[in-house]
Amino acid sequence: MKRNKNLGLWLTLLIVVIIFTLPIPTYSKYLLVALLLGGLLYWKRALILYIRANRKITSTNSKDWELAWPLYRKAMRSGLLPTFRVTAASMFLQRGDAQEGKQIIEEYLSSTKGRDETLDKVAKTMVSMAYWMEGDLDKALQTVEEVYQSGYRDKNLFINYTTYALEQGDLAKAEELLEESGNLENTSPGIRDNRGWIHLIKGEWVEAGELYRELVERKPRFPEPYVHYAQVKLHYGLVGEAMELLESALGARYSNTSGMKMETIEKMLSLLKDPDTRRKTAVEIDKDCASVASGKLPAPLSGEFEREEALTLEGFASLPKKQEKQARKLQESERLPNTELTEEDLEYLRKHGLEEN
């Protein structure tokens with residue numbers, strides 16, 4: 001296996017050695033080597049372009065991302081291998097032109113060359129997101145069900161399938177999938193978040209609170225856990241804490257495939273910040289739990305709602321005793337004075353001869 005992987009390298013070195021043994025002028029030898037290396041680079045140009053594109057798309061500067069798309073396109077026109085084409089398509093789906101990403105995957109799935117059974121399953125799981133983003137939930141479910149029935153299993157399949165099932169309101173299917181995911185739930189914040197989503201829809205607020213407290217402490221990079229935990233806080237009337245979580249959600253990483261949209265979160269946050277709409281919005285979010293959990297604004301309620309200055313609202317569910325103790329302990333720790341001496345404090349004591357001997 002290792003010899004086969006290095007076969008190209010050894011052949012190249014052998015050809016170089018043969019060139020330098022030829023009875024021709026030295027400059028001709030260097031010219032032939034240059035032509036050989038140039039030919040190899042041309043042969044590998046698609047991979048080189050793909051690597052350059054990946055460097056751009058993984059940059060922390062989002063402005064670099066726009067430079068990745070022309071490179072990906074050139075790589076694919078240069079004969080990029082199917083595995084890398086599908087990976088590039090996933091980048092288009094998440095951060096670029098989602099329709100272009102969908103087209104790349106569908107072209108691969110309709111082709112007869114370079115097909116791989118495992119890659120087919122990965123590609124179908126990916127393209128299901130495009131159908132979901134277009135609002136075709138039935139087609140998204142049909143696609144992942146086909147992959148599931150083939151016996152293939154991976155983290156993304158479980159995340160996508162449970163998300164679509166929850167969107168459809170099929171809690172039984174979502175729970176069945178989560179149970180089957182097994183240990184993947186412990187290593188995948190996305191699967192774990194979907195578990196919490198089920199708790200929210202079923203009104204299991206204690207379980208949801210415990211799950212999201214632990215998940216948010218791990219600082220996930222996507223917005224859903226923060227919004228879902230904010231829903232838990234609002235169920236108990238803790239508007240101040242919910243607003244902090246929504247602020248954290250706004251600082252998360254978004255993509256085309258995110259269920260939560262920044263505009264929706266900004267709208268809810270602004271309404272909660274306004275004393276005139278605070279109570280009404282908190283009640284609406286709590287009443288329409290399923291819609292908010294799936295990334296939508298809550299259904300508006302009619303009637304008059306009083307202006308609310310407080311950040312902890314009366315008339316909501318009582319905080320469970322365990323969580324109430326935790327909140328009280330946190331408040332007490334925040335009230336305790338900080339007795340630790342800073343370097344500035346120590347310098348002051350030294351200058352004024354107040355240091356203990």
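## The largest cavity and helix 9

About 30 Å³ of space lies in the largest cavity of this predicted model. A search of the whole structure finds one cavity of 30 Å³ or more. Its lining is made up of Val227, Ala230, Gln231, Leu234, Leu246, Met268, Ile285 and Val292. Sorted by character, seven of the lining residues are nonpolar, one is polar and none is charged. Helix 15 (residues 224-235) supplies the largest share of this lining, with four residues.

A second part of the model to look at is helix 9. Helix 9 covers residues 137-149, which makes 13 residues. From its first C-alpha to its last, helix 9 reaches 18 Å, close to the 18 Å expected at 1.5 Å a residue.

Which residues of helix 9 are buried? They are Ala140, Leu141, Thr143, Val144, Val147 and Tyr148. These residues lie on the same side of helix 9, because they cover an arc of only 160° around the axis. On the other side of helix 9, Asp138, Gln142 and Gln149 are exposed.

What do the buried residues of helix 9 pack against? Their partners are three helices, listed here with their residue ranges.

| Helix packed against by the buried residues of helix 9 | Residues |
|---|---|
| Helix 8 | 117-133 |
| Helix 10 | 155-168 |
| Helix 11 | 171-181 |

Helix 9 is followed by Gly151, which has a positive phi near 95°.

Notes. Residues are numbered from 1 along each chain as its sequence is written. This is a predicted model: local features need pLDDT of at least 70, side-chain atom pairs count only at pLDDT 80 or more; totals for chains, interfaces and linings use all residues. Side-chain values use heavy atoms; hydrogens and water are left out. On a 1 Å grid over the protein atoms alone, a cavity is a set of points where a 1.4 Å probe fits but cannot get out, and a pocket is an open set with protein on both sides within 12 Å along at least five of seven lines; lining residues have an atom within 4 Å of a point. Grid points are joined across faces, edges and corners, and a volume is the space filled by probe spheres set on the points. Helices (H or I, at least four residues) and strands (E, at least two) are DSSP runs, numbered from the N terminus. Ala, Val, Leu, Ile, Met, Phe, Trp, Tyr, Cys and Pro count as nonpolar, Asp, Glu, Lys and Arg as charged, and the others, Gly among them, as polar. The expected span of a helix is 1.5 Å times one less than its number of residues. Buried means under 20% relative accessible area, exposed over 50%, partly exposed in between (1.4 Å probe, protein chains only). The arc is that of the directions from the helix axis to the C-beta atoms. Contact means heavy atoms within 4.5 Å.
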